[in-house]
Every structure is written in structure tokens, then in C-alpha cells.
Amino acid sequence: QAQLVESGGGLVEPGGSLRLSCTASGFNLDYYAIGWFRQAPGKEREWVSCISGGGGRTSYTPAVKGRFTISRDDAVDTVYLSMTSLNVEDTAIYYCAGVKYGSSCEPTDFWGQGTQVTVSP
């Protein structure tokens with residue numbers, strides 16, 4: 001069964017760092033564009049970052065640009081989201097999803113289960 005599995009979330013202090021992983025299970029991730037999204041308590045889910053199949057193009061929402069880096073290693077079917085300078089506003093459940101990556105990054109119906117990131121003193 002094809003699925004995306006996120007990992008790497010946790011509790012971190014403001015200013016800290018985390019690296020999230022999104023690993024494909026049951027299929028090869030090569031050539032698939034993948035996006036990261038997040039949903040904070042009481043808020044709608046929002047787009048964070050996307051990476052094209054092959055990794056040649058990336059994009060970020062302004063709130064995370066310069067602090068987060070998306071990358072991929074297709075040899076292990078994994079997309080990463082490296083997060084630095086975390087602040088309390090980054091607290092959310094983070095999801096990865098298959099996306100249509102044209103002029104914008106639009107999620108498909110293929111989502112992972114999410115991983116919780118909590119930034120707290």
C-alpha cells in the first residue's frame with residue numbers, strides 16, 4: 001500500500017532546530033513533487049514549502065523563507081524539511097503530501113498522517 005510517513009517532530013525551545021522526514025512507503029518517490037503543509041491549533045492548514053521531482057525547484061511561504069530548507073534524497077525515498085530559528089508561531093502539525101507543482105503548489109489527495117512540532121520555552 002502506497003503511503004507517505006512523516007517523522008522527526010517533537011518539542012523544541014524557541015531558537016531551536018528540527019528536521020522532519022517524509023518517507024515514501026510502497027512506491028518510489030522519484031519524480032514526484034512533494035510539499036510540506038502545517039496546521040496550527042484553531043487555524044486552517046497552510047502551505048509551507050514544495051520541492052519538484054528531482055529537486056531542481058523549491059519554494060517557501062514567506063514566513064519560513066531563510067529559516068526552513070526543503071530537500072530530498074530519492075535513494076532513500078525521503079523528502080526533508082530542515083527547520084531552524086524556530087519560534088512559537090511554528091507550532092503545528094506538519095504534513096507532507098503529493099503536490100501539483102506548477103505556478104503554485106497544490107496538494108493532491110495523497111497525504112501523510114502528520115507529525116507534531118511544538119515550540120515552547
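**Exercise 1. Serine 49**

Determine whether Ser49 is buried or exposed in this predicted model, and describe its surroundings.

*Solution.*
Step 1. Ser49 is located in strand S5.
Step 2. The relative accessibility of Ser49 is 0%. Buried means under 20% relative accessible area, and Ser49 therefore counts as buried.
Step 3. Setting aside residues up to four places away in sequence, Ser49 touches Ile34, Gly35, Trp36, Ser59, Tyr60, Ile70 and Leu81.
Step 4. One of these neighbours, Ser59, has its backbone oxygen 2.9 Å from a polar atom of the Ser49 side chain.

**Exercise 2. Proline 41**

State where Pro41 lies and whether Pro41 is buried or exposed.

*Solution.*
Step 1. Pro41 belongs to the loop between strand S4 (34–39) and S5.
Step 2. Its relative accessible area is 69%. The term exposed applies over 50%, so Pro41 is exposed.
Step 3. Thr91 is 50 residues from Pro41 along the chain, and the C-alpha atoms of the two are separated by 8.4 Å.

**Exercise 3. The disulfides**

Find how many disulfides the structure contains, and describe each of them.

*Solution.*
Step 1. Searching the whole structure yields two disulfides.
Step 2. One is formed by Cys22 and Cys96, with sulfur atoms 2.1 Å apart. This pair links distant parts of the chain: Cys22 is in strand S3 (residues 18–25) and Cys96 in strand S9 (residues 92–101), 74 residues apart.
Step 3. The angle about the S-S bond of Cys22 and Cys96 is 75°, and the link is right-handed. Cys22 and Cys96 are both buried.
Step 4. Another disulfide joins Cys50 to Cys105, with an S to S distance of 1.5 Å. This pair too links distant parts of the chain, with Cys50 in strand S5 (residues 46–51) and Cys105 in strand S10 (residues 105–111), 55 residues apart.
Step 5. The link of Cys50 and Cys105 is left-handed, with -75° about the S-S bond. Cys50 is buried, as its relative accessible area is 0%, and Cys105 counts as buried at 9%.
Step 6. When the bonded cysteines of the chain are numbered in sequence order, the pairing reads 1-3, 2-4.

**Exercise 4. The nonpolar cores**

Identify which residues have the most contacts inside the largest nonpolar core, and which elements contribute to this core.

*Solution.*
Step 1. The largest nonpolar core has 26 residues, and Trp36, Leu81, Met83 and Tyr94 have the most contacts inside it.
Step 2. Two or more residues of this core come from each of S3, S4, S5, strand S7 (68–73), strand S8 (78–83), S9 and strand S11 (115–119).
Step 3. The element that gives the most to this core is S3, with four residues.
Step 4. There is also a second, separate core of seven residues, among them Phe37, Cys50, Val99 and Cys105.
Step 5. As a general background, nonpolar side chains in soluble globular proteins tend to be buried together.

**Exercise 5. Strand S11 and its partners**

Describe how the side chains are arranged along S11, and how S2 and S9 pair with S11.

*Solution.*
Step 1. The side chains of S11 alternate: Thr115, Val117 and Val119 point to one face and are buried, whereas Gln116 and Thr118 point to the other and are not.
Step 2. Strand S2 (residues 10–12) pairs with S11 in the parallel sense, over three bridges. Gly10 stands opposite Val117.
Step 3. S9 and S11 run antiparallel and are joined by three bridges. Here Ala92 is opposite Val117.

**Exercise 6. Strands S9 and S10 and the aromatic rings**

Explain which type of ring pair Tyr95 and Trp111 form, after describing how S9 and S10 are joined.

*Solution.*
Step 1. S9 and S10 run antiparallel, with four bridges between them, and a hairpin joins the two through three residues. Trp111 in S10 is the bridge partner of Ala97.
Step 2. Four aromatic pairs are found in the whole structure. In the pair of Tyr95 and Trp111, the ring centres are 6.2 Å apart and the planes lie at 85°, so the pair is edge-to-face. Tyr95 in S9 and Trp111 in S10 are 16 residues apart.
Step 3. Tyr95 counts as buried because its relative accessibility is 13%, while Trp111, at 24%, counts as partly exposed.
Step 4. Elsewhere, ring pairs link Phe27, Tyr32 and Phe110 into a cluster.

How values were computed
Residues are numbered from 1 along each chain as its sequence is written. This is a predicted model: local features need pLDDT of at least 70, side-chain atom pairs count only at pLDDT 80 or more; totals for chains, interfaces and linings use all residues. Side-chain values use heavy atoms; hydrogens and water are left out. A disulfide is a pair of cysteine sulfur atoms within 2.5 Å. Buried means under 20% relative accessible area, exposed over 50%, partly exposed in between (1.4 Å probe, protein chains only). A nonpolar core is a set of buried Ala, Val, Leu, Ile, Met, Phe, Trp, Tyr and Cys residues joined through side-chain atoms within 4.5 Å. A polar contact is a pair of N or O atoms within 3.5 Å; within protein, one must be able to donate a hydrogen and the other to accept it, and residues adjacent in sequence count only if both atoms are side-chain atoms. Contact means heavy atoms within 4.5 Å. Two strands pair if DSSP finds at least two bridges between them. Rings of Phe, Tyr and Trp (its six-membered ring) pair if their centres lie within 6.5 Å; planes under 30 degrees apart count as stacked, over 60 as edge-to-face and the rest as tilted.
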